[in-house]
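Q: Hi! I'd like to go through this one with you, a bit at a time.

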Amino acid sequence: MALTRRSCNLLKPLTTPISYIPSIHRPFSTDDAKITVETSVPFIGHKCEPPPRTIETTPKELMTFFRDMAKMRRMEIAADSLYKSKLIRGFCHLYDGQEAVAVGMEAAITKKDCIITAYRDHCIFLGRGGTLLEAFAELMGRKDGCSKGKGGSMHFYKKEAGFYGGHGIVGAQVPLGCGLAFAQKYSKEEHVSFAMYGDGAANQGQLFEALNMAALWDLPAIFVCENNHYGMGTAEWRAAKSPAYYKRGDYVPGLKVDGMDVFAVKQACKYAKEHALKNGPIILEMDTYRYHGHSMSDPGSTYRTRDEISGVRQERDPIERIRKLIVSHELATEKELKDIEKEMRKEVDEAIKQAKESPMPDPSELFTNVYAKGFGVEAYGADRKEVKAVLP
Amino acid sequence: MWGIVRRRFISNLRTQIQSVVYASGFYSSSAKQMTVRDALNSALDEEMAADPTVFLMGEEVGEYQGAYKITRGLLDKYGPDRVLDTPITEAGFTGIAVGAAYHGLKPVVEFMTINFAMQAIDHIINSAAKSNYMSASQISVPIVFRGPNGAAAGVGAQHSQCYAPWYGSCPGLKVLVPYSSEDARGLLKAAIRDPDPVVFLENELLYGESFPVSAAVLDSSFCLPIGKAKTEREGKDVTITAFSKMVGLALEAAEILEKDGISAEVINLRSIRPLDRAAINTSVRKTNRLVTVEEGFPQHGVGAEICTSVIEDSFEYLDATIERIAGADVCMPYAANLERMAVPQVEDIVRAAKRTCYISV
């Protein structure tokens with residue numbers, strides 16, 4: 001897909017705006033009045049009938065989407081600063097720009113459905129119910145982190161909410177996700193698993209191995225390709241002979257979705273869940289974009305132009321899309337939305353402050369969690385005569 | 001404790017029956033014989049009957065009854081939902097099995113040989129072994145990876161490697177190496193019940209061998225502890241450690257050494273990780289001499305770890321240098337005479353034991 005530059009005055013909101021008149025302004029609406037919206041572009045199906053692009057929503061949902069995406073955006077930007085001040089070490093892969101995928105998916109499913117993703121996992125973790133404190137503490141390697149500081153940025157988990165990580169090996173999470181679906185089917189749960197991966201991982205052989213078995217055994221597995229068009233520094237056209245990732249399933253149906261439109265994502269995930277429970281696997285290709293580079297070690301501008309990045313930010317930003325919808329439906333004013341963003345900023349700052357006060361893990365934690373059941377075996381430190389522990 | 005061995009010698013005029021004392025009870029001289037194959041099969045059967053979350057996955061485990069017939073009859077008994085024939089896609093099905101374990105099932109994954117597990121080794125190490133640690137115990141992985149390991153007969157270089165040292169070095173994994181039918185039953189049951197990932201290294205040439213099994217071993221609740229070695233034969237002059245098929249050779253070597261006045265203690269490791277350092281060191285402190293035996297490549301092998309462990313913990317007790325018998329440092333050749341040279345033989349173990357006793361060979 002080509003990211004063409006269109007000038008700003010061609011950008012239209014999704015519905016005709018009513019000009020703002022203070023006297024008929026309503027305060028925040030939390031009622032469930034029905035609002036009809038259309039996705040930015042129609043869905044494109046591969047071996048399936050795409051869902052309609054007209055969707056019903058409510059003021060409450062719109063406000064929740066705005067709030068959740070604003071929180072995620074703020075978290076990632078704050079993580080950028082923390083990394084630059086060396087409070088976060090190692091790898092840090094940021095998700096800003098892709099928030100609509102995390103938020104739209106959550107809106108379509110329950111916490112009994114499972115999600116597994118790769119290393120760009122901070123916002124998915126938040127969407128699954130993780131707290132800002134758990135996220136920041138984990139990033140900084142403190143004991144209040146979601147993995148007690150022992151995982152780091154790439155290894156966030158929240159099993160009780162159906163979030164299975166957080167994986168560092170590109171592509172490995174896809175067969176694992178099919179395994180989650182296998183277990184759900186085996187236990188006769190009526191739930192599905194979403195295995196998320198990027199356009200870079202889409203070429204992995206194990207993905208096709210897992211796809212074959214998922215189709216063979218009718219597993220309720222949904223393959224979600226978050227196509228942000230770059231596998232680290234390699235553009236999709238340089239890595240894939242066929243970048244139509246939603247078609248790569250061949251015998252498995254697929255859907256191409258505007259991943260910057262939270263309603264399109266929600267509609268697609270709802271459709272996919274119904275499909276997977278009846279007919280087995282389906283592939284969703286989310287056309288999305290990351291503003292940051294691949295990770296904090298990558299400026300992200302050596303393999304793409306700054307114009308491209310700012311162009312997408314201006315024309316397709318998921319938060320801006322919702323902002324315009326909210327304002328045009330008079331659910332809140334610009335100022336009120338700015339206040340929400342300020343509130344999210346405050347929440348993030350507060351969480352960072354708390355996370356900074358969280359201590360590092362106790363040295364004894366070096367030897368915990370090696371096994372679920374250790375039999376009192378001995379484990380050794382670097383100098384085995386000096387540091388020794390018994391595994392519980 | 002005396003080990004119990006009843007061996008069938010191909011061209012033997014006499015059989016030796018050694019009496020046995022089990023911790024649990026008495027030994028009847030007319031104990032039932034069971035092949036390792038049947039031991040593994042019965043263990044799988046019983047664990048699947050006891051726990052509905054246990055399921056099998058692998059190539060040919062179902063309709064073919066198992067490439068080595070280890071899973072014979074289980075498809076008929078438990079159905080295709082619990083005994084799954086997979087396509088020839090190790091990376092994919094191992095990943096699926098690990099994901100199923102994340103979500104609370106207990107998969108037993110069969111690799112047709114452990115050589116093929118290399119295609120899936122990322123899932124064994126990175127997805128299974130490390131998950132409990134990285135998630136601070138949120139995600140435990142109760143999975144068993146099993147299959148024949150090491151040399152068979154005439155199968156060539158790509159089908160003959162021993163992976164005990166590789167898996168044995170990884171924190172988060174447990175690695176078990178059964179020898180007898182009792183080992184096979186007890187350790188496989190323990191592995192399936194264990195909440196951590198277990199690599200269960202069998203041996204193709206042992207599948208058809210019979211061993212006596214007592215009533216206690218045949219009971220469905222029978223289980224062996226993970227991480228404990230077994231003294232198969234007591235002795236006082238030299239300790240010989242071995243695992244899997246090599247235990248049989250070590251016992252034969254001990255018989256030969258006995259005639260030459262050397263009393264060898266044979267330790268069946270049973271567990272590579274955790275390694276029973278206490279048992280090994282206790283034995284060496286008694287005998288003052290050690291020969292390690294393994295089938296795999298010598299460099300960075302199991303013997304290297306045992307040797308270092310003994311030097312660290314029992315240096316003053318050693319009366320001779322530690323001898324290491326291992327496979328030859330070459331790819332496994334096909335020609336029968338070369339293959340024989342590439343794998344330890346009984347004479348090698350005897351010679352090494354005599355060297356530790358400063359007896360000329």
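A: Happy to. One term to begin with: a polar contact is a pair of N or O atoms within 3.5 Å; within protein, one must be able to donate a hydrogen and the other to accept it, and residues adjacent in sequence count only if both atoms are side-chain atoms. Here, a polar atom of the B:Gln345 side chain is 3.0 Å from the backbone oxygen of B:Arg340.

Q: Before we go on, what are the ground rules?

A: This is a predicted model, where local features need pLDDT of at least 70, side-chain atom pairs count only at pLDDT 80 or more, and totals for chains, interfaces and linings use all residues. Residues are numbered from 1 along each chain as its sequence is written, chains are lettered from A and ligands numbered from 1 in the order in which they are written, and side-chain values use heavy atoms, with hydrogens and water left out.

Q: OK, what is the mean pLDDT of chain A?

A: It is 92, and 92% of the residues in chain A reach 70 or more. pLDDT is the predictor's confidence in each residue, from 0 to 100. Over residues 1–25 of chain A the value stays under 50, and the model has 30 contacts beyond four places in sequence for that stretch. Contact means heavy atoms within 4.5 Å.

Q: Back to B:Gln345, where is it found?

A: B:Gln345 is in the chain B loop between helix H12 (336–342) and helix H13 (346–356). Helices (H or I, at least four residues) and strands (E, at least two) are DSSP runs, numbered from the N terminus.

Q: And is B:Gln345 buried or exposed?

A: Buried, at 17% relative accessibility. The cut-offs are under 20% relative accessible area for buried and over 50% for exposed, with partly exposed in between (1.4 Å probe, protein chains only). Leaving out residues up to four places away in sequence, B:Gln345 touches B:Leu249 and B:Arg340. Its C-alpha is also 8.8 Å from that of B:Met246, with the two positions 99 residues apart in sequence.

Q: B:Glu294 caught my eye too. Which side chain of opposite charge is nearest to it?

A: That would be B:Arg324, 5.9 Å away; B:Glu294 is buried yet has no salt bridge. For charge, Lys and Arg count as positive and Asp and Glu as negative, while His and the chain ends are not counted. A salt bridge is a side-chain nitrogen of Lys or Arg within 4 Å of a carboxyl oxygen of Asp or Glu.

Q: What does the B:Glu294 side chain reach, then?

A: The backbone nitrogen of B:Val302, at 2.9 Å. B:Glu294 sits in the loop between strand S13 (290–293) and helix H11 (302–314) of chain B. Beyond four places in sequence, its contacts include B:Phe243, B:Met246, B:Ile325 and B:Pro344.

Q: How many salt bridges are there over all chains?

A: The count is 45. In chain A, A:Arg321 pairs with A:Asp258, their closest N and O atoms being 3.5 Å apart. A:Arg321 is in helix H10 (residues 318–328) and A:Asp258 in strand S9 (residues 254–258), so this bridge ties together parts 63 residues apart in sequence. Both partners are buried, A:Arg321 with a relative accessible area of 15% and A:Asp258 at 9%.

Q: Which one would you show me in chain B?

A: B:Lys354 and B:Asp260, at 2.9 Å, N to O. B:Lys354 belongs to helix H13 and B:Asp260 to the loop between helix H9 (245–259) and strand S11 (264–268), so the pair joins parts 94 residues apart in sequence. B:Lys354 is buried at 17% relative accessibility, whereas B:Asp260 is partly exposed at 44%.

Q: Which residues are linked in a network of salt bridges?

A: B:Glu46, B:Glu47, B:Arg185, B:Lys189 and B:Arg193. B:Glu46 is part of helix H1 (residues 36–50) of chain B. Not counting residues up to four places away in sequence, B:Glu46 touches B:Arg185, B:Lys189, B:Leu218, B:Asp219 and B:Ser220.

Q: New topic: how many disulfides over all chains?

A: Zero. A disulfide is a pair of cysteine sulfur atoms within 2.5 Å.

Q: Why is there no bond for A:Cys146?

A: Because its closest cysteine sulfur, in A:Cys92, is 13 Å away, too far for a bond. A:Cys225 is likewise too far from its closest cysteine sulfur, 13 Å away in A:Cys269. A:Cys146 is buried at 10% relative accessibility, and A:Cys225 is buried at 0%.

Q: Last one: how many residues of helix H2 in chain A are buried?

A: Nine of its ten (residues 99–108), a mostly covered helix. Among them are A:Glu99, A:Val103 and A:Glu106.
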